[in-house]
Amino acid sequence: MEEPEVPLEHLHEHVKESAEHTGEAWISWVALSTAILAVLAAIASLLSGEYANEAMMNQIETSSQWSYYQAKSIKSAVVAEKMALRGVPA
């Protein structure tokens with residue numbers, strides 16, 4: 001599947017030429033600061049996704065351990081009840 005190409009080079013050249021002709025250099029600074037903010041937002045998004053995955057794995061592991069504990073407790077109670085029914089002291 002091909003990704004559509006966005007003509008960013010043309011847009012960048014157009015913004016640069018407009019800034020040079022009008023003498024407004026602040027447009028370039030706005031574009032640069034916007035690009036920097038976009039990079040920082042992307043990095044923050046990646047890190048938050050990584051932490052969310054780690055938290056989910058910890059939750060799954062904790063749930064698994066709790067289920068093991070419950071199963072062990074239930075098995076122990078069933079064995080104790082069977083022994084009580086047979087008259088074998090615990």
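Begin by selecting Trp 29, which you will find in helix H2 of this predicted model. Trp 29 counts as exposed because its relative accessibility is 60%, and exposed here means over 50%. Keep Trp 29 selected and add Leu 32, Ile 36, Leu 37, Val 39, Leu 40, Ile 43, Leu 47 and Tyr 51, and you will have the residues that, together with Trp 29, make a nonpolar surface patch of about 960 Å².

Next, select the whole of helix H2, which runs over residues 26-86 and so holds 61 residues. How far apart should the ends of this helix be, at 1.5 Å a residue? The expected span is 90 Å, and the end C-alpha atoms of helix H2 are 89 Å apart in the model, which agrees with that expectation. Just after H2, click on Gly 87, where the backbone takes a positive phi of about 85°.

Now go back to the beginning of helix H2 and select Ile 27, which also lies in this helix. Ile 27 has a relative accessibility of 24%, and therefore it counts as partly exposed, since buried would mean under 20%. If you select Lys 16 as well and draw a distance between the two C-alpha atoms, you should find 8.2 Å, although Ile 27 and Lys 16 are 11 residues apart in sequence.

Move on to Ser 28, another residue of helix H2, which counts as partly exposed because its relative accessibility is 37%. Which distance separates Ser 28 from Ser 18, C-alpha to C-alpha? These two serines are 9.9 Å apart in space, while in sequence they are 10 residues apart.

From there, turn to helix H1, which covers residues 8-22, and select Glu 17 within it. With a relative accessibility of 44%, Glu 17 is counted as partly exposed. Add Glu 9, Glu 13 and Glu 20 to the selection, because it is worth seeing them together with Glu 17: these four form a negative surface patch, Asp and Glu being the residues that count as negative.

Finally, select the whole protein chain and look at it in a cartoon view, where its secondary structure comes to two helices and zero strands. Is most of this chain buried or exposed to the surroundings, and what share of its 90 residues is buried? Buried residues make up 1% of the 90 residues. If you switch to a surface view, the accessible surface of the chain comes to about 8,500 Å², and 65% of that area belongs to carbon and sulfur atoms.

Notes. Residues numbered from 1 in each chain as written. Predicted model: local features only at pLDDT ≥ 70, side-chain atom pairs only at ≥ 80, totals over all residues. Heavy atoms only, no water. Patch = residues over 30% accessible without salt bridge, like charges linked within 9 Å, V, L, I, M, F, W, Y side chains within 5 Å. Areas by Shrake-Rupley, 256 points an atom, 1.4 Å probe, with all protein chains shown as cover. Salt bridge = Lys/Arg side-chain N within 4 Å of Asp/Glu carboxyl O. Charge placed at Lys NZ, Arg CZ, Asp CG, Glu CD. Helix = DSSP H or I, 4+ residues; strand = E, 2+ residues; numbered from the N terminus. Buried < 20%, exposed > 50% of the residue type's maximum accessible area, 1.4 Å probe, protein only. Expected span 1.5 Å × (residues − 1).
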